[in-house]
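Got your viewer open? Load the model and follow along, one selection at a time.

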Amino acid sequence: MTLVLDQRQPQGGEARSADVEAVRPTLAGMSRERLREALAAAGVPPKQLRMRVIQLWRWLYITGATSFDQMTDVSKELRTALEARFSLDRPEIVAEQVSVDGTRKWLLRLPKRGHDSRAPEIETVYIPEADRGTLCISSQVGCTLTCSFCHTGTQRLVRNLEASEIVGQILLARDRIGDWPGAKRPADDGLLPAGDRKITNVVLMGMGEPLYNFDNVREAMEIASDGEGLSLSKRRITLSTSGVVPEIKRWGELAGTMLAISLHATRDELRDELVPINKKYPLSELLEACRTYPGASNAKRITFEYVMLKGVNDSPADAKALVRLLAGIPAKINLIPFNPWPGSRYECSDWETIERFADIVNRAGYASPVRTPRGRDILAACGQLKSESVRLRARERTLTDTVKD
């Protein structure tokens, strides 16, 4: 593990940073409509708004500007007016870690809003491979669900992320890995894809249940997929849900991204324990929503995520039940070796067990890749997010106690 950066401030500094952010909201991550409103508030005449929105949009989402001074085709007078009211800030980096396998994890601090007692934190993970780079982003601070195998589920829900905070994770990641035109790669020379684009895929699989923050997530993904800006194909954006059934069809109709279902069990009794939202929306309702998901086809298959838990859901009988359960759904099955975290009561299935399970699913005609665990050494793997912020706070308390002694 390499700890690249740790910028945690004491509470006083944190409060000052949040106060500044409240006075000067960031334009980075705003939609066209919100940019239009911001420019109008800054005194831009109505006849100029369309042109100015186009200019800012390009600087924000094609060039990746982090300073108003970079906006050379915007008048100095307007740049000054904008800087007095707004910033181009991304989420603040508290800590950045790079795994031995090249995975990067950022602990990010957001501005305080509403009744936040302190500036909340989220985690974002970048997973590079030779031919692609996947960014796993968060949609909530904490999570309202309590999936028993997931560490994020042990952290209470603080609040939803705003659309700009969701997009801000993409901008921040592109800054850090040099994914803007002409940008330099990171000084640590870590693994990056060979192509021009370093972030090729975005998955909403970080902290939170994205369908419980529907409107903000939808707005953020519209910005991310805009062909005149960040230009991510909707076929390269995947939303993962634990099964908020009433919103699945609506997401397919309005957003049209790829869909992943956090399944993990083939019978209601077990899924009630592993994914408690199943008590509200049982398997029969969830699978019907999948069968009728708009656009689902062999070319646009739904991914079913299935974490392999030793002695819990990994038997040959479970594999055969999974095949029967998904009959008639254009699907692929992602088998996920369980990633341990402190205090978990589960163990990962043995490799031979996972291979036997995958073989049964494959012979039934389903693609069932076994997801290679990435970033385990920095607790960045699937189901492990939240750990770093807790660890840092614990260390902070220890240092404070030492100073007092």
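Start with Cys348, which is partly exposed because its relative accessible area is 26%. Here buried means under 20% relative accessible area, exposed means over 50%, and partly exposed is in between (1.4 Å probe, protein chains only). Then pick Cys143, which counts as buried at 11% relative accessibility. Does any sulfur pairing turn up, and how many disulfides are there? The count is 0 disulfides, taking a disulfide as a pair of cysteine sulfur atoms within 2.5 Å.

Before going further, a word on what you're looking at: this is a predicted model, where local features need pLDDT of at least 70 and side-chain atom pairs count only at pLDDT 80 or more, while totals for chains, interfaces and linings use all residues. Residues are numbered from 1 along each chain as its sequence is written, and side-chain values use heavy atoms, with hydrogens and water left out.

**Salt bridges**

Now for the charged pairs. Side chains of opposite charge can pair when their charged atoms come close. The structure holds 19 salt bridges, each being a side-chain nitrogen of Lys or Arg within 4 Å of a carboxyl oxygen of Asp or Glu.

Select Asp359 and Arg363, whose side chains meet in a salt bridge at 3.0 Å, N to O. They sit 4 residues apart in helix H11 (residues 351-363), so about one helical turn separates them. Helices like this (H or I, at least four residues) and strands (E, at least two) are DSSP runs, numbered from the N terminus. Asp359 is partly exposed at 38% relative accessibility, and Arg363 is exposed at 61%. Also worth selecting is a group of four: Glu96, Arg104, Arg176 and Asp188 are joined into one network by salt bridges that share partners.

Stay with two members of that group. Glu96 and Arg104 form a salt bridge, with the closest N and O atoms 3.8 Å apart, and both residues are buried.

Next, try Asp179 with Arg174: their salt bridge has its closest N and O atoms 3.4 Å apart. Asp179 is buried, with a relative accessible area of 4%, and Arg174 counts as buried too, at 7%.

**A positive patch**

Select Arg132, Arg236, Arg301 and Lys332 together, and you have a positive surface patch. Patch residues have over 30% relative accessible area and no salt bridge; like charges are joined within 9 Å, and nonpolar side chains (Val, Leu, Ile, Met, Phe, Trp, Tyr) within 5 Å. Zoom in on Arg132, in the loop between strand E4 (121-128) and strand E5 (133-136). Arg132 is partly exposed, at 34% relative accessibility.

**Backbone stops**

Most residues other than glycine have a negative phi. Which way does Ser231 go, positive or negative? Its phi is positive, near 60 degrees. You'll find Ser231 in the loop between helix H6 (214-224) and strand E9 (237-241), and it is partly exposed, with a relative accessible area of 34%.

His264 is another one to click: its phi is positive, about 75 degrees, although it is not a glycine. His264 lies in the loop between strand E10 (258-262) and helix H8 (268-274) and is buried, at 2% relative accessibility.

**Last stop**

Finish on Trp59 in helix H3 (residues 49-63), which is buried with a relative accessible area of 15%. Add Gly229 to the selection: Trp59 and Gly229 are 170 residues apart in sequence and 9.1 Å apart in space, C-alpha to C-alpha.

Key:
Accessible areas come from the Shrake-Rupley method with a 1.4 Å probe; for residues, only the protein chains shown count as cover. Lys and Arg count as positive and Asp and Glu as negative; His and the chain ends are not counted. The place of a charge is taken as NZ of Lys, CZ of Arg, CG of Asp or CD of Glu.
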